[in-house]
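User: I am new to reading protein structures, and I would like to understand where the descriptive words come from. Could you take me through some of them?

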Amino acid sequence: MNNSYIKRFITSDGSARLIFADTTEIVNKAHSYHMTTPTATAVLGRALTAASLMGCLMKNPTDSLTFQLKGNGPAGTVTCVSDYSGNVRGYMDNPAVDLPLKPNGKLDVGGAVGEGYLGIIRDLGAGEPYVGMSELVSGEIAEDVTAYYANSEQTPSACALGVLVDRDYTCRVAGGFILQLLPGADDSVVDRLETNMAVINSVTELMDRGHGADKFAELVMNGIEYEEFDTIDISFKCTCSKEKYRKGLISLGRDEIKSMIDDGEPIETVCRFCKEKYVFSLDELDEILNETAK
C-alpha cells in the first residue's frame with residue numbers, strides 16, 4: 001500500500017498556497033483499528049484528512065492541533081489530533097453508525113455528523129492553547145472547514161475532502177486539499193483560482209482515476225505560475241505509551257488506586273486512538289500507590 005503524503009504548492013507571486021493530502025493509508029489504518037462502517041469510515045476519514053491538512057500549517061515541531069466535530073448526529077463526537085508534519089490520529093464515539101445512502105448514491109456524512117460545531121485547539125507549547133470554534137454548516141466537513149477559516153481566522157480558504165469506500169468496506173482512496181489566499185493576493189489570481197475550482201467536482205473521482213497532488217495542482221493553478229514547496233510523508237501516528245497511562249493512574253489519587261488494588265484484579269487500559277491495551281498488574285498498582293505517597 002502506498003504511503004500517505006502531503007504536497008504543498010505556492011503561486012510564484014505569493015498570492016495563494018495549495019496543500020494536498022493523500023490519506024488513503026491513514027484512513028485504512030483507522031478503519032482497521034475502529035472497525036468502522038462505510039458511513040463512519042467516510043466521517044472519520046474526512047476528519048483525519050482535514051486535521052492533517054490543518055496541522056501541517058503550524059510552525060513548530062512541538063505544535064499540535066486537535067480537530068473536533070461535536071454534532072448531534074449518530075456519529076457522536078469525532079476527535080482527531082495532528083502534529084506539525086501532518087501525522088494524525090483519531091477516533092469517534094460511534095464507529096458503528098450506518099445510514100442509508102443519500103439520493104445521489106453518496107454516503108450520508110452530514111446526516112451522521114448532524115448539527116453542532118467544529119472546534120480547533122492549537123497547542124503551541126507555551127501558555128494557554130488557542131481555541132477556535134465555528135458552527136457546522138452542513139456536517140459534510142469540507143464546507144465546515146471552509147466556514148471555520150472564514151469565521152474564526154478570517155483566512156479566505158476553500159477545502160475539498162473525499163473518502164471512497166470499496167466493496168470490502170476498506171478505503172479505496174481518500175484525500176483532499178485546502179487552498180488559501182495569502183495577504184495581498186492579486187485580484188486577477190483570485191478570479192482565476194475561483195474559475196479553476198469550479199471544474200473540480202469530486203476529489204475521490206479524480207484520485208480513483210490515478211490523479212495525485214501534481215494533477216490537482218495543475219487543475220487548481222491552471223493559468224497561474226506556481227511552484228512545489230515540499231512533500232511530506234504522513235501516517236496514522238499514535239503517541240500512547242504505558243508510561244502515559246501510568247501517569248494517568250497516579251493522577252487518580254491514592255483512594256482510587258487503593259480501591260483498584262482491593263478489587264484484586266489487574267487493570268486494563270485501552271487507547272481510544274489505536275486500541276493498544278496496557279495492563280497493570282497488582283504489583284504495578286502497589287508501586288504506583290507507593291509513588292503517590294511520596
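Analyst: Happy to! Helices (H or I, at least four residues) and strands (E, at least two) are DSSP runs, numbered from the N terminus. With those labels, isoleucine 141 can be placed in the loop between strand E7 (130–135) and helix H4 (142–152). Please keep in mind that this is a predicted model.

User: Why is isoleucine 141 called buried?

Analyst: Buried means under 20% relative accessible area. Isoleucine 141 has a relative accessible area of 0%, so it is buried. There is something else to notice here: isoleucine 141 has a positive phi of about 85°, although it is not a glycine.

User: What makes glutamine 154 exposed?

Analyst: The cut-off for exposed is over 50%. Glutamine 154 has a relative accessible area of 59%, so it counts as exposed. Glutamine 154 sits in the loop between H4 and strand E8 (157–165). Its phi is positive too, near 50°, in a residue other than glycine.

User: Why is aspartate 286 called partly exposed?

Analyst: Partly exposed is the range between the two cut-offs, under 20% for buried and over 50% for exposed. Aspartate 286 has a relative accessible area of 34%, so it is partly exposed. Aspartate 286 belongs to helix H10. Its C-alpha is 40 Å from that of valine 97, and the two are 189 residues apart in sequence.

User: How do you know that arginine 8 counts as buried?

Analyst: The same test works here: buried needs a value under 20%. Arginine 8 is at 16% relative accessibility, so it counts as buried. Arginine 8 is found in strand E1 (residues 4–11). Not counting residues up to four places away in sequence, arginine 8 touches Leu18, Ile19, Cys56, Glu227, Glu228, Phe229, Asp230 and Ile232. The C-alpha atoms of arginine 8 and isoleucine 178 are 9.7 Å apart, with their positions 170 residues apart along the chain.

User: And what makes phenylalanine 177 buried?

Analyst: Its relative accessible area is 1%, so phenylalanine 177 is buried. Phenylalanine 177 is in strand E9 (residues 171–181). Leaving aside neighbours within four places in sequence, its contacts include Leu18, Ile19, Phe20, Leu53 and Phe216. Glycine 253 is 76 residues away along the chain, and its C-alpha is 45 Å from that of phenylalanine 177.

User: How do you know that the span of helix H2 agrees with its number of residues?

Analyst: The expected span is 1.5 Å times one less than the number of residues. H2 (residues 38–55) has 18 residues and should span 26 Å; its end C-alpha atoms are 25 Å apart, which agrees. H2 is also mostly covered, with 18 of its 18 residues buried.

User: Why are H9 and H10 called roughly antiparallel?

Analyst: Angles over 145 degrees count as roughly antiparallel. The axes of helix H9 (residues 254–263) and helix H10 (residues 282–293) cross at roughly 160° and come within 10 Å. H9 and H10 are therefore roughly antiparallel to each other. Their crossing is left-handed. On the H9 side the contact residues include Arg254, Ile257 and Lys258, while those of H10 include Leu282, Leu285 and Asp286. By class, the residues of this contact are eight nonpolar, one polar and three charged.

User: What makes H8 oblique to H10?

Analyst: Angles of 65 to 115 degrees count as roughly perpendicular, under 35 as roughly parallel and over 145 as roughly antiparallel, and the rest are oblique. The axes of helix H8 (residues 242–252) and H10 cross at roughly 55°. That makes H8 oblique to H10. The crossing of H8 and H10 is right-handed. Here Lys242, Arg246, Leu249 and Ile250 in H8 meet residues of H10, among them Glu284, Glu287 and Glu291. This contact has four nonpolar, one polar and five charged residues.

User: Why are H8 and H9 called roughly perpendicular?

Analyst: The range for roughly perpendicular is 65 to 115 degrees. H8 and H9 pack at an angle of about 110°, with their axes 5 Å apart. H8 and H9 are therefore roughly perpendicular to each other. Leu249, Ile250 and Leu252 in H8 meet Glu256, Ile257 and Met260 in H9. The classes in this contact are five nonpolar, no polar and one charged.

Definitions and conventions:
Residues are numbered from 1 along each chain as its sequence is written. This is a predicted model: local features need pLDDT of at least 70, side-chain atom pairs count only at pLDDT 80 or more; totals for chains, interfaces and linings use all residues. Side-chain values use heavy atoms; hydrogens and water are left out. Buried means under 20% relative accessible area, exposed over 50%, partly exposed in between (1.4 Å probe, protein chains only). Axes are lines fitted to C-alpha atoms, for helices over the stretch in contact, and angles run from 0 to 180 degrees between N-to-C directions. A crossing is left-handed if the near helix is turned anticlockwise from the far one by less than a right angle, and right-handed if clockwise. Contact means heavy atoms within 4.5 Å. Ala, Val, Leu, Ile, Met, Phe, Trp, Tyr, Cys and Pro count as nonpolar, Asp, Glu, Lys and Arg as charged, and the others, Gly among them, as polar.
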